[in-house]
Each structure stands twice: as C-alpha cells, then as structure tokens.
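Please consider the structure shown below. The paragraphs after it lead from one residue and its surroundings to the core and the aromatic rings.

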Amino acid sequence: MYFDKYSRHIVYKKSRGHCGYCGKPLSKAWALDHVIPKTRNGTDEINNLILSCKPCNSAKGNKTDSEYRLYLSGKVQSSLQDIIDLVS
C-alpha cells in the first residue's frame, strides 16, 4: 500500500517517531499500519493509521489494535511468570 508523503508525515508526527505498539523509537525501518486491518473493513484514513516497527507490524498481522495489545500483554505475563519461576 502506498501512502503519500503528507499522510506519512502526519502519522509520524502524531506518533512522535515511536512505534504505536511497543513504544520504541523507530529507526529507518518502519511501517504505517492499519489499526483496524483493511481485511476487516478498516480504511486508509489517517485516524486508522499508526506507526509500527517491523517486528510489531509482522507480529500483529490481521489482528486489530485491541487484539494485538491483548496478545502483547499475554506475552509479557508469560515472560514475568517464567522469571518468577526461575527465581523461586
């Protein structure tokens, strides 16, 4: 999908150059991602676009923003439990 320079600039400023999912500052490798995927009736409007680092963009796939954040919180919980189990 191609977005014009103006749209990319607006979304970049809105996100302050950080991934909208993990919050990490973005390098040169970033993508505009649909909060609601186009395959799930999302649009190309700016309010449905977010900056995403390549790892988050790949992992999000066809999930909505809410579904992906829930997925991420589960991964964090699992990681924390693994650490607790190691320390115990």
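In this predicted model, Asp33 touches Tyr21, Asn48, Leu49, Ile50, Ser52, Asn57 and Lys60, its neighbours within four places in sequence being left aside. Asp33 belongs to strand S1. Its relative accessibility is 8%, and because buried means under 20%, Asp33 counts as buried. With Lys60 there is also a polar contact, side chain to side chain, at 3.2 Å.

One of the partners of Asp33 is Tyr21, which leads to the nonpolar core. The largest such core has 14 residues, and Tyr21 is among those with the most contacts inside it, together with Cys19, Leu26, Leu32, Leu51 and Cys56. Strands S1 (30-34) and S2 (49-53) each supply at least two residues of this core. S2 gives the largest share, 4 residues. As a general tendency, nonpolar side chains in soluble globular proteins are buried together.

The aromatic rings form 3 pairs in the structure. In one of them, Tyr12 and Trp30 are tilted, with 5.5 Å centre to centre and 45° between the planes. Tyr12 lies in helix H1 and Trp30 in strand S1, so this pair ties together parts that are 18 residues apart in sequence. Tyr12 is partly exposed at 32% relative accessibility, whereas Trp30 is buried at 17%.

Tyr21 and Tyr68 form an edge-to-face pair, 5.2 Å centre to centre and 85° between the planes. Since Tyr21 lies in the loop between H1 and S1 and Tyr68 in helix H3, the pair ties together parts 47 residues apart in sequence. Tyr21 is buried at 7% relative accessibility, and Tyr68 is buried at 2%. Ring pairs link Tyr21, Tyr68 and Tyr71 into a cluster. Lys63 lies over the face of Tyr71, 4.9 Å from the ring centre.

Note on methods
Residues are numbered from 1 along each chain as its sequence is written. This is a predicted model: local features need pLDDT of at least 70, side-chain atom pairs count only at pLDDT 80 or more; totals for chains, interfaces and linings use all residues. Side-chain values use heavy atoms; hydrogens and water are left out. A nonpolar core is a set of buried Ala, Val, Leu, Ile, Met, Phe, Trp, Tyr and Cys residues joined through side-chain atoms within 4.5 Å. Buried means under 20% relative accessible area, exposed over 50%, partly exposed in between (1.4 Å probe, protein chains only). A polar contact is a pair of N or O atoms within 3.5 Å; within protein, one must be able to donate a hydrogen and the other to accept it, and residues adjacent in sequence count only if both atoms are side-chain atoms. Contact means heavy atoms within 4.5 Å. Rings of Phe, Tyr and Trp (its six-membered ring) pair if their centres lie within 6.5 Å; planes under 30 degrees apart count as stacked, over 60 as edge-to-face and the rest as tilted. A charge sits over a ring if NZ of Lys or CZ of Arg is within 6 Å of the ring centre and within 35 degrees of the ring normal.
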